[in-house]
Amino acid sequence: MIARILHIQKKHQTQIGEHISLNNLQDFDYVEGEAIEPQVILEKPNISLYCLDPQNQRVIFVETPENINLSDTPFFFKAQYKYAQRLIGVPYKNCHQLAKSIEDSIQQLVLIHYVGRCGSTLLSKLFNQVYTVGSLSEPGIFCNLIVALRVPDGRLDDELTEILRSCILLQCKPTTQIKSSSYVLKYSAFSIQIGDLISNLFPHLKVIFLYRNAEDAVSSFINWMRNSPSIIQNKEVDFNLYTKFIPLLTT
């Protein structure tokens with residue numbers, strides 16, 4: 001397999017609710033195009049990691065306009081979809097090679113974990129104002145990894161760990177926009193499901209946990225939901241998919 005351009009014909013984002021960021025290759029109708037050198041992933045700052053394509057054993061990257069800095073957006077995964085111009089499919093093997101070439105690029109990794117409606121987006125933006133720090137707010141790859149590869153019995157954890165390491169390194173690749181060796185990732189709260197694997201991969205990982213007074217948080221959620229689409233959006237609930245994010249649903 002070789003890296004290949006995927007030309008977008010149409011966008012129609014598939015999601016299980018506005019509140020769960022799940023990037024998916026099925027967000028796009030596309031046509032397989034010409035071959036491309038995988039190295040372009042590292043060379044162009046406007047190419048970022050989008051999701052996995054487990055069926056074809058490749059990682060999907062999205063190319064966006066050069067004048068759009070995705071690190072400035074409140075929701076990284078939404079901006080990727082909105083501004084996507086074309087996709088690039090890179091086999092897992094090539095992604096591991098690319099990641100190995102920049103494995104020393106992250107000297108400090110910080111994860112922001114939160115309970116919702118507690119100022120996590122604001123904190124991510126504040127970090128992004130520091131020139132020496134690269135801060136991304138909710139890259140969707142973490143939820144994608146949970147759905148694509150993690151199973152309760154852990155039989156795929158070795159494969160998941162290898163891909164997770166490469167994905168984090170490539171998500172935090174050095175660019176002309178982000179030159180720091182310190183990175184802050186505000187991942188979706190559901191991504192705590194792979195927190196143990198991330199911690200094992202990056203032993204010097206720092207975690208910021210944000211929470212809020214329960215009464216204020218509930219009030220904020222209610223006000224927010226009044227102006228937000230339904231999580232279910234009148235679609236049939238995929239119970240097995242939801243339990244990937246909320247394991248207590250099975251109890």
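Two residues are in contact when heavy atoms of theirs lie within 4.5 Å. This briefing describes a predicted model and treats its strand pairing, its nonpolar cores and the surroundings of Arg 212. Among its features are an open sheet of four strands and a largest nonpolar core of 46 residues.

**Strand S5 and its partners**

- Five of the six residues of strand S5 (residues 86–91) are buried, so this strand is largely enclosed by the rest of the structure.
- Strand S1 (residues 4–11) runs antiparallel to S5 and is joined to it by three bridges; Ile 5 has Ile 88 of S5 as its bridge partner.
- Strand S4 (residues 58–63) is also paired with S5 in the antiparallel sense, through six bridges, and Val 59 stands opposite Val 90 of S5.

**Nonpolar cores**

- In soluble globular proteins, nonpolar side chains tend to be buried together.
- Within the largest nonpolar core, the residues that touch the most other members are Leu 52, Phe 61, Ile 88, Phe 142, Leu 170, Ile 194 and Ile 198.
- Helix H6 (residues 157–171) supplies the largest share of this core, namely seven residues.
- Another core, of eleven residues, lies apart from the largest one and includes Leu 6, Ile 60, Val 62 and Ala 84.
- Leaving aside residues up to four places away in sequence, the contacts of Leu 52 include Val 59, Tyr 92, Ile 141, Leu 145, Ile 163 and Cys 167.

**The open four-stranded sheet**

- The strands of the open sheet follow the order S7-S8-S6-S9, with parallel pairing.
- Strand S7 (133–137) and strand S9 (206–210) are the edge strands, each pairing on one side only.
- On average, neighbouring strands of this sheet are turned by 15° against each other, direction ignored.
- Five bridges link S7 in the parallel sense to strand S8 (residues 182–186), where Lys 186 is the bridge partner of Ser 137.
- Helix H4 (residues 120–128) lies across strand S6 (108–114), S7, S8 and S9, and runs at about 155° to S7.

**Arg 212 and its surroundings**

- Arg 212 is located in the loop between S9 and helix H8 (214–226).
- With a relative accessible area of 36%, Arg 212 is partly exposed, because this value falls between the 20% limit for buried and the 50% limit for exposed residues.
- Arg 212 and Tyr 114 are 98 residues apart along the chain, yet their C-alpha atoms are separated by 9.1 Å.
- Not counting residues up to four places away in sequence, Arg 212 touches Val 115, Arg 117, Cys 118, Ala 217 and Ser 220.
- A polar atom of the Arg 212 side chain lies 2.7 Å from the backbone oxygen of Arg 117.

Key
Residues numbered from 1 in each chain as written. Predicted model: local features only at pLDDT ≥ 70, side-chain atom pairs only at ≥ 80, totals over all residues. Heavy atoms only, no water. Buried < 20%, exposed > 50% of the residue type's maximum accessible area, 1.4 Å probe, protein only. Helix = DSSP H or I, 4+ residues; strand = E, 2+ residues; numbered from the N terminus. Pairing = 2+ DSSP bridges. Core = buried A, V, L, I, M, F, W, Y, C linked by side-chain atoms within 4.5 Å. Axes fitted to C-alpha atoms, helices over the stretch in contact; angles between N-to-C directions. Polar contact = N/O pair within 3.5 Å; in protein donor to acceptor, adjacent residues only side chain to side chain.
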